[in-house]
Amino acid sequence: MKIGARYLDGNRCEFTLWAPLLDQVAVKLVAPTEKLLPMQPGEHGYWQVTAEDVQPGTRYFYDLGEFDRPDPASQFQPEGVHGPTEVVDHQAFSWTDQDWSGIPLDEMVIYELHVGTFTPEGTFEAIASRLGELRELGINAIEIMPVAQFPGSRNWGYDGVYPFAVQDSYGGPDGLKQLINTCHQEGFAVILDVVYNHFGPEGNYTSSFAPFFTETYKTPWGSAINFDDARSEGVRNYFIENALYWFEQFHFDALRLDAIHAIYDLGAKHFLKELADDVAALSKQVGRKFYLIAESDLNDVRVIREPEVGGHGMDAQWSDDFHHCLHTLLTGEQIGYYQDFGTCEQLAKAYKNSFVYDWQYAAERKRYHGSDASDRPGCQFVICTQNHDQVGNRMLGDRLSTLVSFEALKLAAGALLLSPNIPMLFMGEEYGEESPFLYFVSHTDPDLVEAVREGRKREFSAFHLEGEYSDPQSPETFKQSQLKWEQQKEGKHKALRDLYQHLIHLRRTIPALKNLDKQNLEATVQEENKLLFLHRWQDSSKLFCILNFNNETVGFNTDLPNGNWQKILDSADQKWMGSGAALPDSLASKSDSSLKIPAQSFAVYQA
């Protein structure tokens, strides 16, 4: 069932509302003229009315008797979360991406960005001005943090309360369409981060219309979204229609589903499977593959298994285990969930099996955790060295560039881009951006602002307690989080960016790196030396990578795979502003000589 205001043509508009809790409801037009349009009840709690003399740009509320409310399926809130909804004509935009066929998931190099802090302007239009630099870097997919309407103009996006409405301060629906149209013209796939596990706390009026929540489960944000309780069919339809809406009306290539572990559904057909089925049907109809990428803390392989074998059918998922392994090796941190990680052996397992915890006891969780994903291809796992959560949920919002050495930053880049998975960069990572990425909001309710402040302080109780806490409500906190693009042209920042660019080029041109089959991979370690050896191959293409996570130069012996190995990259080279390479330019598989590798460096050999 299509919901919301659907502009037909000829100044006609069809309004559809799911409101099974109401006995009567009317559309209340408030601009440019005022008019009340009683709605007619239909089956399963839906109400409808088709109105004449309603143009695009008309603003309205739903009259619920005692009060007026914006449309819960609003497509534009130009006056903010408490203001009227505006009718949008989606057919009015002139798309020029008809020849766009998308980018296969296994070829994506993703760049996660936040609209408000990616540029000084904080708009969709301003993002387009930076696409040339990203293309030069080798990026071919951008992932946009949530754009659903939130209060004010400063927010990560996870406080959205109108999932169909594009944030007005970013540029609204037309601004977003223009960005995607431009991205497709310039060869970028576009991924949208969507939130189906909760609504934000300010401007959420959904409970006035329908049972969107259930008390059966609890989430970190309160009562869970109702995906399996009474009247859940309308809730499921609401979010499925939302996903289809982004693909159909905005031409997105993929959706990243936030924290699916907080989507509770014990029904026979899980919401995620129903969503995957409907998106697959749309892909078939359009003739272009649309992807669903889940963020999941479950390490449950069922999330990405095919529905035919009992899975939910997600195309891919974020894999936090890789990040946690790498972060602990580089920083030595052992606080919170990092206490369950910290060895080279675990990182080797992440390369080979993806899930480090595959039904093993996790001390921080105080329980057994995870399942075996070793049979799943690498293209089903999105990995990173940093992302908005892992940076922004630290009290200081400190990036890896402020926690480790320059050599370690280069090592992190190598560990990420030599992997058999889909790499994702967090904006600014490629040049070692040093500005923090802090948590920020712009709520209007003083009590809510204070609750957010206290809530964030509680979240930091197990993490990073040193330093000065930044007030999420302060405009200065937001301003501190904006990228300083000028850094990328200077000194070590430029060298790091050049290294990222070179590594991405190698991924694209060397078959052993381009192929994401984890079966053609061996990962071994010398734990006492903090060394990891990565051997990857595809037909006649062979690579052998040596990664040193030790803070000291290490002497070692190792059995190399057969072949005459020629060095093609060494992060310790002066070219990358290193102290100078120690490994030889060539290696023979039968050599007995001892080798040396400088601290926190990596090298790549090709045979």
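**Note on the barrel, the cores and two buried residues**

1. H114 is placed in the loop that connects β10 with α1, the latter covering 115-118. Since the model is a predicted one, the remarks on this residue and on the others below describe computed geometry. H114 is buried, because its relative accessible area is 1%, against a cut-off of under 20%.

2. The surroundings of H114 deserve to be listed, since they bring together several stretches of the chain. Once neighbours within four places in sequence are left aside, H114 is in contact with M145, N155, W156, Y170, M427, F437, F440 and F478. With one of these residues, Y170, the side chain of H114 also makes a polar contact of 3.4 Å.

3. The strand that precedes this loop belongs to a barrel, which is closed by 8 strands with parallel pairing, in the order β10-β11-β14-β17-β18-β19-β22-β23. From one strand to the next the twist averages 30°. Between β10 (residues 110-113) and β11 (residues 141-144), which run parallel, there are 4 bridges, and L113 has I144 as its bridge partner in β11.

4. Two further strands of the barrel order, β22 (381-384) and β23 (422-426), have helix α10 (residues 406-417) lying across them, and this helix runs at about 145° to β23.

5. The largest nonpolar core comprises 156 residues, and F15, Y196 and W246 are those with the most contacts inside it. Helix α5 (residues 232-250) gives the most to this core, contributing 10 residues. A second core, separate from this one, has 19 residues, among them W100, I110, A254 and A316.

6. Which residues does Y196 touch, when those up to four places away in sequence are not counted? The list consists of I225, F227, F239, N242, A243, W246, L255, L257, I263, F271 and L275. W246 therefore appears in two roles, as a residue touched by Y196 and as one of those with the most contacts inside the largest nonpolar core.

7. F247 is situated in helix α5 and counts as buried, because its relative accessibility is 2%. Apart from neighbours within four places in sequence, F247 is in contact with F252, D253, A254, L255, V279, L282, F290, Y291 and L292. One of these contacts, A254, is included in the second, separate core, whereas L255, also in contact with F247, is touched by Y196 as well.

8. A last point concerns the distance between F247 and Q317, which are 70 residues apart along the chain and whose C-alpha atoms are separated by 19 Å.

Conventions. Residues are numbered from 1 along each chain as its sequence is written. This is a predicted model: local features need pLDDT of at least 70, side-chain atom pairs count only at pLDDT 80 or more; totals for chains, interfaces and linings use all residues. Side-chain values use heavy atoms; hydrogens and water are left out. Two strands pair if DSSP finds at least two bridges between them. Axes are lines fitted to C-alpha atoms, for helices over the stretch in contact, and angles run from 0 to 180 degrees between N-to-C directions. Contact means heavy atoms within 4.5 Å. A nonpolar core is a set of buried Ala, Val, Leu, Ile, Met, Phe, Trp, Tyr and Cys residues joined through side-chain atoms within 4.5 Å. Buried means under 20% relative accessible area, exposed over 50%, partly exposed in between (1.4 Å probe, protein chains only). A polar contact is a pair of N or O atoms within 3.5 Å; within protein, one must be able to donate a hydrogen and the other to accept it, and residues adjacent in sequence count only if both atoms are side-chain atoms.
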